[in-house]
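Here is a short tour of the structure, written for someone who likes to work from coordinates. Keep the viewer open and follow along.

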Amino acid sequence: MELPTQTFRVTRADLVRYAGASGDFNPIHWSDRIATKVGLPGVIAHGMFTMALVGRAVTAWAGAPDAVVEYGVRFTRPVVVPDDEEGTEIVVTAVVREVTEDGLTRLDVTATCLGEKVLSQARATVRTAA
Amino acid sequence: MPLDHSFVGRSYPPTAPYQVGREKIREFATAIGATDPAHHDPEAARALGHPDVVAPPTFPVVLTMAASRQLIEDPALGVDYSRVVHGDQRFAYTRPVVAGDELVCVNTVEDITSRGGHEFLTTRTDVRTTAGEPVVAVWSKIVVRGEA
């Protein structure tokens, strides 16, 4: 079963807010100068910010903010966030891989940016609402 | 400088307790756009059976990233942080983190491998309350890129 697609807009302001809230002040997430110096095309989103947005999609699908039992991803491609009003967009889809007898649902999640996968092996297990 | 592979299996002493604040959870939830009332309103969280506001699933990284400095800054392990890329991240929850939790992290080096000139360091961080109740186990794999 395929779950409804969810999209998340990401701007530079979001990265600044996430840096402050998470304590991850790595300059590749706010300085084009430093990002390009280490070979990136420009400022990229924190991998953990992308993972947090995908986590929002997972809890929305589960229908409960406390339903996630296990959640893992591999970061495969950076999410480049241009310095403009639009920023970029992350599109999240998922399929139900398994529903267990003890009330757990396993999801295979796909997250893309500009048509390219930014995560692989993204999987979540959620407690199915009783 | 290569990582010291003899660190596999080694655990570090528990970190200093981290007091999970209600406002910190609200701030983190707001930063990721998580608007569910259970992240913001203690009453909504209590209605779900939690003592206070519930943290979003990736919130534990606030603690574990700070805790990982124990390893990153251990000169004997030999991580060159300027060459580090985040590879994998995984959480296995016993229960969600809630405001009022007092949490400690225990870091263990689970695996070190080398491939294609790069090194891969997998750490497991057991997050538990100061009373010893397990809350969440967090795995993080970082890639230390080799000299080109």
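## Strand pairing around β2 of chain A

Let's begin with a pair of residues you can click on: A:Glu70 stands opposite A:Thr125 in β6(A). That pair belongs to an antiparallel arrangement in which 6 bridges join β2(A) to strand β6 (residues 119–127) of chain A. Do keep in mind throughout that this is a predicted model.

β2(A) also reaches across to the other chain: 5 bridges join it to strand β2 (residues 84–93) of chain B, and these two strands run antiparallel. To find the spot, look for A:Gly72, which stands opposite B:Arg90 in β2(B).

## Where the two chains meet

How many residues of chain A are in contact with chain B? There are 24 of them, and they touch 28 residues of chain B. On the chain A side, the elements that give two or more residues are α1, α3 and β2 (68–75). By residue class, the side of chain A that touches chain B divides into 12 nonpolar, 6 polar and 6 charged residues.

## Helix α1 of chain A

Helix α1 of chain A spans residues 12–22, and its buried residues are A:Asp14, A:Leu15, A:Tyr18, A:Ala21 and A:Ser22. Why do these residues sit on the same side of α1(A)? Because they cover an arc of only 130° around the axis. As a reminder of the geometry, an α-helix has 3.6 residues a turn, so residues three or four places apart point the same way.

Both chains contribute to the cover over the buried residues of α1(A). It includes β1 (2–10) and α3 (47–62) of chain A, together with α1 (22–31) and α3 (61–67) of chain B. Just after α1(A) comes A:Gly23, which takes a positive phi of about 85°.

## Nonpolar cores

The largest nonpolar core has 69 residues. Those with the most contacts inside this core are A:Val54, A:Val58, A:Val68, A:Ile90, A:Val109 and B:Phe28. The element that gives the most to the core is α3(A), with 10 residues. Apart from it lies another core, of 6 residues, including B:Leu71, B:Val79, B:Leu121 and B:Val144.

Two of these residues deserve a closer look. A:Val54 is found in helix α3 of chain A, and it counts as buried because it has 25 C-beta neighbours inside 10 Å, where the cut-off is 20 or more. Leaving aside neighbours within four places in sequence, A:Val54 is in contact with A:Val73, A:Val92, A:Val109, A:Ala111, A:Leu119 and A:Ala122. With A:Ala111, the C-alpha to C-alpha distance is 7.4 Å, although 57 residues separate the two in sequence. The other residue is A:Ile90; among the residues A:Ile90 touches, not counting those up to four places away in sequence, are A:Phe8, A:Val10, A:Leu53, A:Val79, A:Ala111 and A:Val118.

## Chain B in outline

Chain B has 4 helices and 5 strands, and from the N terminus on its elements run β-α-α-α-α-β-β-β-β. Its C-alpha atoms fill a box of roughly 55 × 30 × 20 Å, taken along the principal axes. Of the 148 residues in chain B, 36% are buried. Among its contacts between residues at least 6 apart in sequence, 71% join residues at least 24 apart.

The strands of chain B offer some handy landmarks. Strand β1 (residues 18–19) is joined by 2 bridges to strand β3 (residues 102–115), running antiparallel, and there B:Tyr18 stands opposite B:Leu103. β3(B) also pairs in the antiparallel sense with strand β4 (residues 118–129), over 12 bridges. One partnership to look at is B:Ser114 with B:Glu119 in β4(B). The hairpin of β3(B) and β4(B) has 2 residues between the strands, and in it B:Gly116 takes a positive phi near 60°.

## What the record adds

For chain A, an unreviewed UniProt entry lists residues 6–100 as "domain: MaoC-like". In the model, the end C-alpha atoms of residues 6–100 of chain A lie 25 Å apart. This span is 35% helix and 26% strand.

Definitions and conventions. Residues are numbered from 1 along each chain as its sequence is written. Chains are lettered from A and ligands numbered from 1 in the order in which they are written. This is a predicted model: local features need pLDDT of at least 70, side-chain atom pairs count only at pLDDT 80 or more; totals for chains, interfaces and linings use all residues. A residue is buried if 20 or more other C-beta atoms lie within 10 Å of its own, exposed if 12 or fewer, and partly exposed in between; C-beta atoms are placed from the backbone. The arc is that of the directions from the helix axis to the C-beta atoms. Two residues are in contact if their C-beta atoms, placed from the backbone, lie within 7 Å. Ala, Val, Leu, Ile, Met, Phe, Trp, Tyr, Cys and Pro count as nonpolar, Asp, Glu, Lys and Arg as charged, and the others, Gly among them, as polar. Two strands pair if DSSP finds at least two bridges between them. UniProt positions are given in the numbering used here, feature names are shortened, and annotations may be inferred rather than shown by experiment. A nonpolar core is a set of buried Ala, Val, Leu, Ile, Met, Phe, Trp, Tyr and Cys residues joined through C-beta atoms within 7 Å.
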